[in-house]
Structure formats: structure tokens, C-alpha cells
Amino acid sequence: MEMNQYLDLFIEESKEHLQNCNDLLLKLEQSPEDLFIVNEIFRSAHTLKGMSATMEFNDLAQLTHQMENVLDLIRNEKLAVSSQVLDVLFLAADYLEEMVESIANGGNGQLNVETVVKQLQSLDSNQPLEIGNAPETVQVGKLTYDDYEWTVLSQSKDTDYQPFEVTVQLHKDCLLKAVRVFMVFETLEKNGEIIKSHPQATALEEEQFDFEFTVTILSSNTKEEIEIELLKISEIDAVEIIAIDLSQASEEVAVAVEETSLPTKKEVEVTQQQTSSFKQQSKHGTKTIRVNIERLDILMNLFEELVIDRGRLLQISQDLDHQGLQETVEHMSRISGDLQNIILNMRMVPIDTVFNRFPKMVRQLAKDLHKSVNLEIIGAQTELDRTVIDEIGDPLVHLIRNAMDHGIEKPEERLAKGKPQQGTIILKAYHSGNHIFIEITDDGAGINKDNVCRKAIAKGIIKEEEIASMEDQEIYQLIFSSGFSTAKEISDVSGRGVGLDVVKSIIESLGGYVTIQSNEGYGSTFSIQLPLTLSIISAMLVEVENEKYAIPLSSIIETAIIKKADIMKTHNQQVIDFRGKVVPLVSLQSIFEVNDVSEEIPETLSVVIVRKGDKLAALIVSSFIGQQEIVLKSLGDYLTNVFAISGATILGDGQVALIIDCNELIK
Amino acid sequence: MENKQHTVQLIVFQLGDKEYGVPVADVLSIEKIEHITRVPGTEKYIKGVINLRGVILPIVDLRTRFNLPEHPYSQHTRIIITKKGEKEVGLIVDTANDVIDVATSQLEPPPEVVGTESFDYIKAVAKMNQQILILIDLAKVLNIEENVEI
């Protein structure tokens, strides 16, 4: 079947449901009595099962199905939530995640799930033991049998065949119930002989039943075998098979049925209540739709065109001096301004989508490392650009692992140091200006500078004599050098040789920085500073002769007007004295070969002081136009590696202005 | 490739008194000339970039590329937006006003010498009435490194 078009949707939704499962499992761990949470997990697992079965990812479906069985027991209060149960459920969720990941990466999602399925099944089969008097043979059955039927059933006593009542519960969203019924009948016929069904076969074919029906069969197979066969059919929620005790007289059966038919009704009511509570729950969640980010880009492009036309209209209305027109255009301007904000905000996603996978990761890691760690998340609603969100996950994973592995000490050690036994990691996100800050703070051992230095020297990253002149921050930054790992033994948690250097390079590629603060013995803070968005930046527009250029505000220190007399010369390089620092003077006019390069230097020069790290340069421009939010665009695939140009933007008048890459101008 | 088909549709454009053709399949649109922002430090024939409906597009002046004398842009000057692989580039031409069908049998490999032009970017020539139509090789014109089948 051609499923490719649904695959993306499937992956996205599966991830969402898995995340939901994980969150809820964590909650369940906190309050094991809350059946509402169990219901919610059940719902997610159930949807997941349905989806994966449709997409024919059978391992995924099988595992979710087993998970669902266990959850079903819990919510029917037949199984208590113990840490053992939770561990298996977490394990199952891990497997599911792995499979979905494999599918997302183009794999087939196949994974050997047998072990975890067995574990789930063992929980499942514990059921009769835990509830003691399971209705195996005590209950005779749900159906009444007439004499003929009863005779047939009775006769089977002398053969290998045993009578069973098979109650099948269909998926509530099942659309083609008759088809499922047919499949069930077909399966049962393979396993034995069908004696009777309730409702009657004709009613079943016409779908005149809710979601449950019962079939009486004679079979030589065991009830487990039949159950397994039946569960292979999709959209079946549960199969209940009861062996019919033939020792009872038919009259008794009839009485028993009267009694048992009531609870069945109740059950239906209960499930209905459950469904309605699900519906109520789903209303609370924010409604979202998925939009391809490319479409947003197209929307943005179109909108920019609109902005350009708005500018032209504004000009025309002023020229015409028509009041009505002017008012309309002004109103339009305001609306398009609001529209712009909305479009820009559409690309913003709460960082929660990255953070939400950490609680589970920390839980698992803490177990593996035999440490006790409490993860606090602050500011999960902080929003940033989708493109940044996609990239920031891995670096954060590395940093959290690092904090747990190297930062937080073992419980005994902590007690010896007079700290609480449980370590704390605080993950905090917040906005500041045009940046977002993400901080990872642990109350662990902190960074031992001497160790870092010794290690760095041993690894040949720095020379011994350099250390004396290094500031704390510089020493800490050594941790991010490639080939640096302070862990004495390599664990599989962190310190695989790769790691922190990758973190640094990813963050820098996003236009951000990492800084470290540490207090030995009391913990460290890794602080990541990132631009809010990669597509919109604040820039200073300048003119060089008659060409317009944009300089990103993030690299500008300040603008200044200097006198010709202030220019000094050192080794053919013109420099100025800027607040006690010697700053080289760079003529954009000559670098960008703007026509008519005149040797004549005017009496006063406008300069923009830019920086790269702590190095400065003064760029000579003809005039400043002003500060503006600009949309960063690439020059396309054809023009690559243009010197000192990082991209382009479209100005209000529709013209293109190039964006200067100051990093390339400063050697 | 064209050999397998019977005809090929070409956009015809002019540079000076010569007619050139580029396959319709490689052309996205034809635009009027508008403000071009110069990009410093690029080849001389790259005139700069334009804003085409919100997308930044590099522009090549074919006159400069073919070493023809510069000619001021007029109201007939057009930019042919072409797409070669993932690369979209606009070509400035004197005029572009015709789409014709050329039978592949009419196409001939480029002669050894054609006028004064360096001819490595000529894919084929076609005799059309009295005129010679030069079919250009976009990849060569744009200096796109790729294995072009000839």
C-alpha cells in the first residue's frame, strides 16, 4: 500500500503520543493511584497501536498492544502500579521510541521486542493470580443455550474438543465492524466449530451491535492459542475466552446468564463514561494544526511582497493627497504590521518540545549511574524559532548527561560533603533582548581547574606556560576542546571522546555561545546564549556610496564619527584610537570595490565599530540609514562563498541589500 | 537527450544581431529588468542579485559572459529565469520574444569556429530560415561543475 504520504504524519504523531506516554508515566510514578493518568496513557498507547497497525509496522503494533493490555489491567484495578510494572512500561516506551526513530530515519521500524513483550505478558498473566478467583470456570458463560446447542456442547466432552465462549471487544473507532466480525469468524472457524453467537450472525453482519460480541465455539486448541490468533486481527481491543463448564445443568446456565447479563451492560456504560471523559480531556489541550515550514516561508515571502506594495501605496497616497486613501493605507499598514508579527510568531515553538524528553532521560540516567537526581525545569514555555529548536536538542542532551555524569556526585559522597543526598539539576530557559538563554545548573562537584589544566596539557591542547595568563573562563572553555574528556574512565553516558566539543560547534553554528560558571564543590552552570531566530535579525543599514548594506547588530559595538586628523598609520594600516584601544580602519568602499574609489579622505568619517570575539575593527561607511529588523535570506546555491557577505535581505522598497559578515573582515 | 524526441521547444532571445535558444524546460519565467544589487567579489558577468517575489536570485549578464560589447538596458531588456538542477539564475538578454519548436533533426553539433565567440557553451546550432539559432549550454554558461552529457 502506498503509505509514504502518511509516513511523516505518522512519525510526527507517534512521537507526540510517545512523549505523552512518557510524561504521563512519570506522573503515574508520582501518583500511582491516579487512574485518570492510566486512562490517558492507555489512550495514547491505543492510538499508537492503531496507527502502527495501519502503517503495517507490526513490531510496533505488537508492543503497543501488550502495553495496552497491561494498562487495561491497571485501569480496571486488576493490577497495582508497582515500580516493577512502571519499569517495564518505561522500557516498552523506550523500545517504541527506538522503533519510531528507526522509521523516521528511513528504517522499517523492526526491532526485537520479544523480551519486553514477554515482560509485559508476564505482568498480564499475573492478573488471575492477583485477583484470586478469576472467573475461569466459576462463571458458566454469558449466553443461553437451547437444548440442541447444549447437547452439542455436552457431546464434546467425550472428544478432544472443548467449548469456549469467546468475547471480542472491537476498537471503538472501528469503521468496518462487519469486516472485523467476518475476520473473527474466519479465524475461529480455522480453530474449531462455531456453535452460536450473540448477537446472531445475521445481526453481526448488519453491524447491529455495539463493540462487543460473543461466540461459542468448540475447539481442540487451548484458549491461549485462540486468543493469540484473534489478536492478530487489527482493531480488536480485547479478547476474553472462557471455558464453559459442562458439569452444570442447562437450567443453571440459564439462571446464571440472567445474572451475568447485567454486569455486561454496566461494563458498556463504564466504557461509555470513559470515552466521554476522554473527550472532555481532549478539549483542554490547545488545538493545533501541522503546517509545513516551507509553506510558512512562502507565506513570509508573499507577505514581504505585500509590505513592498504597501510602501508604494503609501507613497502614491501621499502624492495624491487624498485623505480617504491616506487613511485606508494607514489602516492597512497597521494591519499588515500585526500580520507580520503573527507570521513571525508562527515559526516560534515553545522550548518545551525539547525539554519534555529530559525528565525521562534523567530518570533513566540516574538509575544507570546509581545517583539520585531531581530535574527542575523552569521556563519551558519560552519560545524560539523552529529551526533553532531542531538543532538545540542534542547539545542539551550532552550537557545534561555531562552534568549528571561528571557534576552530580554519588549519594554517599554528597552526604559526606554535607549536601542533600539527592542532587539537583536546574534547566532554565528565558528571553533577554533578542536572545534566548538556556542554563543548565547542577549542585554537584563543580569544575576543578587544576584537573582541567593538567588534562589539557597532557592532551597537548595548551602549553604549560600559557596557563598562568589564562582567566577562569578560558580554562573552563578548554573542556569544549576536541579530544578533551575529564572522566577518568570512559563511561557510556558521557565522555565518549566526542561530546562537548560537538556541543560547542553546534551552538556556534547557530550563532550562539556557551559560557561556564563553576564553583568547585558547589556546582557549575553551563549557559547557552542563542539568537531568538535564525531568519530575522536586527541590523544596522548603512550606505556605502550609493549601495546599501546591512550589518548585524549583534556584531556592532557602536557607531561613531571620527575626524580625519584622528586617523593614524601603522605598517600601511590605518588605525584609530577607540577608547584606548587601537582599532584598524577598514574601508568598505575599497573592499567591496564600490566604483570611484577616491584617495581623498573627507574631513569626517562615519564608522561602525564591529567586533569578532574581542577583536575590533572600524568600518568606514558613507552614511548610516538606521536600525531595522531584517529577514535573512541566502544568496542561493549559485553564489556561494562571496567574501564578507553572509546573505541578503529585501528592503522596504523591494531592493536587495547585502548583509556584511563582520567575522570575515576581522583577521 | 533531444535526439530521442522529435521536437524541442526553445525560448528564443537575442543578443546583438544573433539569436539564441534555451530549452523551455529549463526556463521558469521571463521578467522585466529591475533594480539589481551588485554583489562584490564575484565574476564580472554576475551582475548581482534581484528580489524576485521575495526570493533572492543571482543575475548573469549574457553579453558580458559572451564577451559582447556592453549595451545599456532598454525597455526590451529581459531577464530569463532559468533553473539548472537546484540552481536558479537569471540571464539578462536584449530581448526575448518567441517560443519555437525545433525538430531535433535540425540541430547540428557546434561548428569548430563560430564568429569570435568562445564556443564551449554552445550545445548545438539550428538553421532557421536565413538565421542561425544558437542553442546554449546552460551548465557551461553558468560554469556549473557537473558531468554534462553531450
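**Exercise 1.** Which two side chains meet in a salt bridge of 2.7 Å, N to O?

*Setting.* This is a predicted model, where local features need pLDDT of at least 70 and side-chain atom pairs count only at pLDDT 80 or more. Residues are numbered from 1 along each chain, and chains are lettered from A in the order in which they are written.

*Solution.*
1. Recall the rule: a salt bridge is a side-chain nitrogen of Lys or Arg within 4 Å of a carboxyl oxygen of Asp or Glu.
2. The side chains of B:R63 and B:D94 fit, at 2.7 Å.
3. B:R63 lies in helix α1 of chain B and B:D94 in the loop between β7 (87–93) and β8 (95–103), so the pair ties together parts 31 residues apart in sequence. Helices (H or I, at least four residues) and strands (E, at least two) are DSSP runs.
4. Both B:R63 and B:D94 are buried. Buried means under 20% relative accessible area, exposed over 50%, and partly exposed in between (1.4 Å probe, protein chains only).

**Exercise 2.** Find out whether B:E70 and B:K47 are buried, partly exposed or exposed.

*Solution.*
1. The side chains of B:E70 and B:K47 meet in a salt bridge of 3.9 Å, N to O.
2. B:E70 is exposed because its relative accessibility is 57%.
3. B:K47 has 23%, so it counts as partly exposed.

**Exercise 3.** Where in chain A do A:R43 and A:E40 lie?

*Solution.*
1. A salt bridge of 3.5 Å, N to O, joins their side chains: A:R43 and A:E40.
2. Both lie in helix α2 (residues 35–54) of chain A, 3 residues apart, about one turn of the helix.
3. A:E40 is buried at 6%, while A:R43 is partly exposed at 28%.

Methods:
Side-chain values use heavy atoms; hydrogens and water are left out.
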